[in-house]
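Visitor: Please walk me through this fold. Short answers will do.

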Amino acid sequence: MTMQQQTKSPLRLHVYDHCPYCIRVELALGLKQMPYERVVYGYGDKLGDDSKVGCYDGGNPVLTGKKELPVLEKIGTDGNREWLKAESLDIIKWVETETSDPFKVKSGRKDLTVFFATDGRFKVVQRILSRPRNLKLTHLKDWSREEDRAYAKAKYERGGFDYAAAEACDAESRVEMTKMLKEASTSLLGSDTSLYEDGVLGFDDLLYLPELRTVTVAKGVQWPDRLRKYVVEAHEKANVGTYFDHQVE
């Protein structure tokens, strides 16, 4: 999967490929045409955080000392680190300030917040479809080591996620997600190219495109043409990949 790979850029973005918060930042940087070097980590890498159980030391330079990504790093002309910024929304705010070109403001639309709510049906079915499939994407750095997959599985099982149950209801979950994507296409899109009526990608798109991207891993989910075109073209505009070409049964 080809993403931003600007190795001589003064910006270095540390990410997981599957992480929606990381993708928010990649979309922001890409849409503002700010080149960056992309560094991807295994999900089981403790990133210098010794409090994390079941993780390994990937031998990488310590970032914030916490197992949290994304992290944006500024590299000086001497090749050394100047600063780090964590938290996706803080990084996006910095991008807006740096470019003097803010994104369209978050609309606060209730239909969007309800549809994408953490405990809402879209997110529940998204997890059912994506979590078991993600573990099969071993070509990605996120999941290339057995320890990465074991860490994710143990983490989500501690949180109450049942992988066996998810796989048992996969067929009905694909049907349900297909229906929800149809709803999103007809009710949530403000235009063919954005969640806003004027068609310009804005803050709402940064927040919710990554959530839709997560679903692209699931083969058998039927995407309305309008919604798929929106997702693909918005990511392409920012030079960020989706999983449409790497779907898992």
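The questions below go from the overall fold to the core, a helix pair and one cysteine.

Guide: This is a predicted model, where local features need pLDDT of at least 70, side-chain atom pairs count only at pLDDT 80 or more, and totals for chains, interfaces and linings use all residues. Residues are numbered from 1 along each chain as its sequence is written, and side-chain values use heavy atoms, with hydrogens and water left out.

Visitor: Which pattern does the protein follow along the sequence?
Guide: Helices (H or I, at least four residues) and strands (E, at least two) are DSSP runs, numbered from the N terminus. The protein has nine helices and four strands. Read along the sequence, the pattern is β-α-β-β-β-α-α-α-α-α-α-α-α.

Visitor: What is the radius of gyration of the protein?
Guide: The radius is taken over C-alpha atoms, and the globule rule is 2.2 Å times the number of residues to the power 0.38. For 249 residues that rule gives 18 Å, and the model's value is close to it, so the protein is as compact as a globular protein of that length. The radius of gyration is 18 Å.

Visitor: Which helix gives the most to the largest nonpolar core?
Guide: Such a core is a set of buried Ala, Val, Leu, Ile, Met, Phe, Trp, Tyr and Cys residues joined through side-chain atoms within 4.5 Å. The largest one holds 73 residues, and L29, F122, M177, L181, L212, W223 and Y230 touch the most other members. With seven residues, the top contributor is helix α8 (residues 203-215).

Visitor: At what angle do the axes of α1 and α9 cross?
Guide: Axes are lines fitted to C-alpha atoms, for helices over the stretch in contact, and angles run from 0 to 180 degrees between N-to-C directions. Helix α1 (residues 20-31) and helix α9 (residues 225-237) have axes that come within 8 Å. I23, L27, G30 and L31 in α1 meet A234, H235 and K237 in α9, with contact meaning heavy atoms within 4.5 Å. The crossing angle is roughly 65 degrees.

Visitor: Is C169 buried or exposed?
Guide: C169 sits in the loop between α6 (163-168) and α7 (170-188). Buried means under 20% relative accessible area, exposed over 50%, partly exposed in between (1.4 Å probe, protein chains only). At 18% relative accessibility, C169 counts as buried.

Visitor: What share of the protein's residues count as buried?
Guide: The count covers the 249 residues of the protein. The buried share is 52%.
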